[in-house]
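Biologist: I have a model open and I do not know how to read it. Can we go through it feature by feature?

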Amino acid sequence: MENVYRCIDKLVCYAEKNLGLAPRNRDYVKNAIFNLFSLDAYDDSVVADCKDCDNCASPSGLLKEFSEACVKAGLFEEYESEKYCDAVMGALSLSPKEVEDKFYAVEKQSGAKAATEWFYDYSVKNDYVKKEKLDKNPRFEENGLIVTINKAKPEFRDAKKAAEGNKPKGGYPKCNICHENEGFSGRSKCTLRTVNVTLGDEPWFWQFSPYGYFYQHGIVVNYKHTPMHVDRGTFGRLMDFADRFPHYFIGSNAALPRIGGSVLAHDHYQGGGEILPLQKAAAYKTFAATGHKDAIIEILEWPGTVVRAVSENRDTITDISDEINECWKDYDNPALGLVSHGEDGERRHAVSPTVVKTARGYEMNIILRSNIATEEYPDGVFHAHPEFHVIKKESIGLIEAQGLFILPGRLDEELKELGDYISRGEALPEKFAAFSMIAEEIKTLCNGDFSRGNVTAATKKELGSVCYRILENTAVFKDRKDTEAFLKLAGVID
């Protein structure tokens, strides 16, 4: 048990040096941790000093040592480590109000970017953002896209099961992004801290994602548990956020199954501090906006179907975005396989808007999406087609539609093994049958050189190609002339 106390002392020392724990609260917080495990035999003669705390980027090493000591002492089982480490770090962290007060103080003194930098750093140091795990995810750029393999989270191949996973047992909180999750141990959210944000005169809050897909990836969430939707007010709220945090982009998933996020029951937007490939995409064709001399509209040079409205005038951006959204929701073109509503009246078309502020003003990228499914494509006509499911079957949401692909962690080992077979010139075993097309394309890319290094390079090129083709699958208009015709129908260009 002595090792347990020593580990707790180290964590308390870490919190004083990194998490803002006041020396006045040292005994109080230490006792709160003791109370978690009914400990009452503390001897301060074994107090440990963590001399390296000033240089600790995260407490993972200290938590690993603490967890091992507790398991050895019989305080909890190994599978319970995450829950108890979260509870301990939650006790060591500043309260939500203290974190928010500090955020506002930094923002007032040094600006919004400095405030979000501080908040992100704090979320890493209190172990809510699992940065060490995220940094181990393979990531590279290929074919104009960013490809990552997410080893930190499980793959959800079934959209219905993925959605079910976001419904907490017992009904509290109502979903996994409700504000009531802040400090809730039932979902290991003791370390979660949020910051209030006003969007459209409504209370929302910002938090970082523990397993973010890009730098400072986070979500801004409506305090009300209200369903996801995109309407005229959405565009204004997105620009409210961009005005407050001009160094971030912010966007909304389409509010429909198969083409939206996994949490459709609660209105929220995603954003963060990285410029994604879509935001850098060039214009295929540029138009003057009908009725708006202060705006231009661009059809993008992009594998998906994306329209960009650019203006320094918020009202203009809102008007154009709303006209496009309203037209697309009811757009029918059976010749192109586009029918806006099913026989049951269920809507099939939606948009994913995302905004970033640049020297040109507000740039609102509007991604046209459709969740139509057929017997041939039961997972969605405008979804990754079956030949690509071995690489990506999960929904193509807002982040991937912008060119950052999150591939399942299983691929890290599967592709290495596949590469070994190709390099050795061996036939694929039955368990790799689904990779047959991928393997043949990798061989072609190798151009006769099957050395292990060249196979690895070819595999990356293949992943970039597959992801690009998946985005082409999601394009509702395969010909940009059809996109232009739609914009004329919407009345936003002549």
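Modeller: Start with helix 15 (residues 452-474), and remember that this model is predicted. Helix 15 lies across strand 1, strand 2 and strand 13.

Biologist: At what angle does helix 15 run to strand 2?

Modeller: At about 105°.

Biologist: What is the order of the strands in that sheet?

Modeller: The order is 1-2-13. The sheet is open, has three strands and shows mixed pairing. Look next for strands that pair on one side only. Those are the edge strands, strand 1 (139-142) and strand 13 (404-408). Neighbouring strands are turned by 25° against each other on average, direction ignored.

Biologist: How many bridges pair strand 1 with strand 2?

Modeller: Four, in the antiparallel sense. Strand 2 covers residues 145-150. For one bridge, find Arg 139: its partner in strand 2 is Thr 148.

Biologist: Now a hairpin. Which strands form one, with two residues between them?

Modeller: Strand 3 and strand 4 do. Gly 200 sits in the turn, with a positive phi of about 60°. The two strands run antiparallel and are joined by five bridges. Val 197, for instance, has Trp 204 as its bridge partner in strand 4.

Biologist: Which side chains of strand 3 point to the buried face?

Modeller: Read along residues 195-199, where the side chains alternate. Val 195, Val 197 and Leu 199 point to one face and are buried. Asn 196 and Thr 198 point to the other and are not buried.

Biologist: How should I think about a core?

Modeller: In soluble globular proteins, nonpolar side chains tend to be buried together. Here the largest nonpolar core has 90 residues.

Biologist: Which residues have the most contacts inside that core?

Modeller: Phe 66 and Leu 92. Helix 1 gives the most to this core, with eight residues. Now select Phe 66. Leaving out residues up to four places away in sequence, Phe 66 touches Cys 7, Ile 8, Leu 11, Phe 37, Phe 76, Cys 85 and Val 88. There is also a second, separate core of 36 residues. Among its members are Ala 281, Ala 384, Tyr 421 and Ile 422.

Biologist: Next, rings. How many aromatic pairs does the structure hold?

Modeller: It holds 33. To read a pair, check two things: the distance between ring centres and the angle between planes. Take Tyr 5 and Phe 34: their centres are 5.4 Å apart and their planes are at 90°, so the pair is edge-to-face.

Biologist: Which parts of the chain does that pair tie together?

Modeller: Tyr 5 lies in helix 1 (residues 2-18) and Phe 34 in helix 2 (residues 26-36), so the pair ties together parts 29 residues apart in sequence. Both rings belong to buried residues: Tyr 5 has a relative accessible area of 5%, and Phe 34 has 6%.

Biologist: How are the rings of Phe 103 and Phe 119 arranged?

Modeller: Their centres are 5.9 Å apart and their planes are at 75°, so this pair is edge-to-face. Phe 103 is in helix 5 (residues 96-110) and Phe 119 is in helix 6 (residues 112-125). The two are 16 residues apart, and both are buried. They also belong to one aromatic cluster, which includes Tyr 104, Tyr 120 and Trp 206.

Biologist: Where does the charged end of Arg 480 sit?

Modeller: Over the ring of Tyr 284, 4.8 Å from its centre. In another case, Arg 424 lies over the face of Tyr 421, at 5.4 Å from the ring centre.

Biologist: What about the backbone? Which residues are joined by a cis peptide bond?

Modeller: Tyr 172 and Pro 173, with omega about -20°. Pro 173 is in the loop between helix 8 (159-164) and strand 3.

Biologist: Is Ser 38 buried or exposed?

Modeller: Exposed, because its relative accessible area is 65% and the cut-off is over 50%. Ser 38 lies in the loop between helix 2 and helix 3 (60-72). Check its phi too: about 55°, a positive value, although Ser 38 is not a glycine.

Biologist: And Arg 258, what is its phi?

Modeller: Near 75°, again positive in a residue other than glycine. Arg 258 sits in the loop between strand 6 (249-251) and strand 7 (268-272). At 31% relative accessibility, Arg 258 counts as partly exposed.

Conventions. Residues are numbered from 1 along each chain as its sequence is written. This is a predicted model: local features need pLDDT of at least 70, side-chain atom pairs count only at pLDDT 80 or more; totals for chains, interfaces and linings use all residues. Side-chain values use heavy atoms; hydrogens and water are left out. Rings of Phe, Tyr and Trp (its six-membered ring) pair if their centres lie within 6.5 Å; planes under 30 degrees apart count as stacked, over 60 as edge-to-face and the rest as tilted. Buried means under 20% relative accessible area, exposed over 50%, partly exposed in between (1.4 Å probe, protein chains only). A charge sits over a ring if NZ of Lys or CZ of Arg is within 6 Å of the ring centre and within 35 degrees of the ring normal. Two strands pair if DSSP finds at least two bridges between them. Axes are lines fitted to C-alpha atoms, for helices over the stretch in contact, and angles run from 0 to 180 degrees between N-to-C directions. Contact means heavy atoms within 4.5 Å. A nonpolar core is a set of buried Ala, Val, Leu, Ile, Met, Phe, Trp, Tyr and Cys residues joined through side-chain atoms within 4.5 Å.
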